[in-house]
Amino acid sequence: MYRNFKIVPNIIFGRGCFSQLDEILALQRKPDPAPMTFVVDDVFKGSDLNNRIPLKDQDLLLWINVDEEPKTTQVDSLTREVQERLGRPPGGVIGIGGGSTLDMAKAVSLMLTNPGSSADYQGWDLIKHPAVYHVGIPTLSGTGAEISRTTVLSGPEKKLGINSDYTLYDQIVLDPELTAGAPPEQRFYTGMDCYIHCVESLEGNFINAFSRSYGEKALDLCREIFLQEDPESDDKLMMASYFGGMSIAYSQVGVCHALCYGLSYVLGTHHGIGNCIVFNTLEEFYPEHVAEFHNMLNKHQIRLPGSLVADVSQDKLDKMIDIALRLDPLWENALGKDWQKIMTRDKIRSLYLRM
Ligand SMILES: NC(=O)c1ccc[n+]([C@@H]2O[C@H](COP(=O)([O-])OP(=O)(O)OC[C@H]3O[C@@H](n4cnc5c(N)ncnc54)[C@H](O)[C@@H]3O)[C@@H](O)[C@H]2O)c1
Ligand SMILES: [Fe+2]
């Protein structure tokens, strides 16, 4: 059986295209001008971008802090806030920020039309009703959150996405100018998320011509961006992120992402840097790419933190292993149907203890 999957139907790309957001939203505001809700990374408070948000009188602007990555509790309280302050569903939710903000905006747009807590929907195709119209505007490139059918959330029990066709954005605005101010280290870590998506997709068992076409192109772009000097690198990284996301949409990620989920659930390590810390120990699984990753680290003078797990209690280490082991499709993609014979608890423990 082949998956029949949905993709984002409307995409605008180009330097300065953020200026067309007002025009794009105008189509949604007709005929009854329902208020829009902007969910924006608070790093942009008082910035030039802040002044360019096409806010109308009745609209809501919610600043969100992403020092910690999205949690189901935060999604639920933000959804309640929108409901209480507007008194009716908004005409749209617009997320502006990195992967964390894009995921928050997706989740809020889903929870405005689906009852209960967002934790009830962590899993695959559990969402019952279409989300309100939602627009994603990335200010950091690499996660592919702008194109994916998931929003990754930490819940009371697990770190797992709300995966559904309704999760996908209705519109994305890809303006490479918006990523210009990202701190270089953050840009590197989030960019490596894209690089690792491509490696895990291309090296996995679920690979096919569809995913390979996108994955190879995105991998080449990552090499141009992170191993050469390139004046167009922000534009290229934005497209690499999109292509990397398209590649995994029809294949799967692998060892690095499975271990990273465990690490970040227990220690709160952010996705980009967490993937780098994990990938650094995976020469056994992805030898050529880990060597290439080391060249990228050196070129960008990035020093990864070490000894993250050494002093972690046994309980916490066990929890990390539990979370990682739950991700069957990732392991099967990386290691085949008999993955449990290779990736035992002891094997995972020994990998974590190197981080
Ligand atoms: N939905 C998906 O398919 C998917 C895929 C991969 C990762 N994710 C999620 O994405 C999140 C990670 O996203 P991320 O790596 O993009 O980072 P992020 O959104 O967590 O942001 C990282 C930091 O960069 C800052 N920042 C963002 N844009 C900036 C800019 N232009 N200028 C200055 N600072 C800026 C933020 O304020 C924050 O401090 C995780 O929560 C992860 O789970 C989702
Ligand atoms: Fe990722």
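Two strands pair if DSSP finds at least two bridges between them. That is the term needed for the first stops on this tour of a predicted model.

**The sheet**

Start with strand β2, residues 36–41. Five is the number to look for here: 5 bridges join β2 to β3, and the two strands run parallel. Now select Val 39 and look across to β3, where Leu 62 stands opposite.

Widen the selection to the whole sheet. It is open, has 6 strands with parallel pairing, and reads β1-β9-β6-β4-β2-β3 in order. Which strands lie at the edges? They are β1 (10–13) and β3 (60–64), each of which pairs on one side only. Between neighbouring strands of this sheet the turn is 15° on average, direction ignored.

**Helices on the sheet**

Next select residues 21–29, helix α1, which packs on the sheet. Helix α1 touches β1, β2, β4 (92–97), β6 (134–138) and β9 (171–174). Its direction makes about 145° with that of β2.

Then move to helix α3, residues 72–86, which also packs on the sheet. The strands touched by α3 are β2 and β3, and the direction of the helix makes about 160° with that of β3.

**The nonpolar cores**

In soluble globular proteins, nonpolar side chains tend to be buried together. The largest nonpolar core in this model has 55 residues. Select Phe 188, Tyr 195, Leu 259, Phe 279, Leu 282, Trp 331 and Tyr 352, the residues that touch the most other members. Which helix gives the most to this core? Helix α5, residues 184–202, does, with 9 residues.

Stay with Leu 282 and show its surroundings. Leaving aside residues up to four places away in sequence, Leu 282 touches Val 255, Cys 256, Leu 259, Val 290 and Leu 351.

A second core, separate from the one just visited, has 34 residues. Select Leu 112, Val 132, Leu 153 and Leu 174, which are among them.

**Two loop residues**

The last stops concern the backbone. Most residues other than glycine have a negative phi, and most peptide bonds are trans.

Select Asp 125, in the loop between β5 (123–124) and β6. Asp 125 is not a glycine, yet its phi is positive, about 55°.

Finish at Gln 301, in the loop between α10 (287–299) and α11 (314–325). Phi of Gln 301 is also positive, near 50°, in a residue other than glycine. Is Gln 301 buried or exposed? Its relative accessible area is 70%, and exposed means over 50%, so Gln 301 is exposed.

Notes
Residues are numbered from 1 along each chain as its sequence is written. Chains are lettered from A and ligands numbered from 1 in the order in which they are written. This is a predicted model: local features need pLDDT of at least 70, side-chain atom pairs count only at pLDDT 80 or more; totals for chains, interfaces and linings use all residues. Side-chain values use heavy atoms; hydrogens and water are left out. Helices (H or I, at least four residues) and strands (E, at least two) are DSSP runs, numbered from the N terminus. Axes are lines fitted to C-alpha atoms, for helices over the stretch in contact, and angles run from 0 to 180 degrees between N-to-C directions. Contact means heavy atoms within 4.5 Å. A nonpolar core is a set of buried Ala, Val, Leu, Ile, Met, Phe, Trp, Tyr and Cys residues joined through side-chain atoms within 4.5 Å. Buried means under 20% relative accessible area, exposed over 50%, partly exposed in between (1.4 Å probe, protein chains only).
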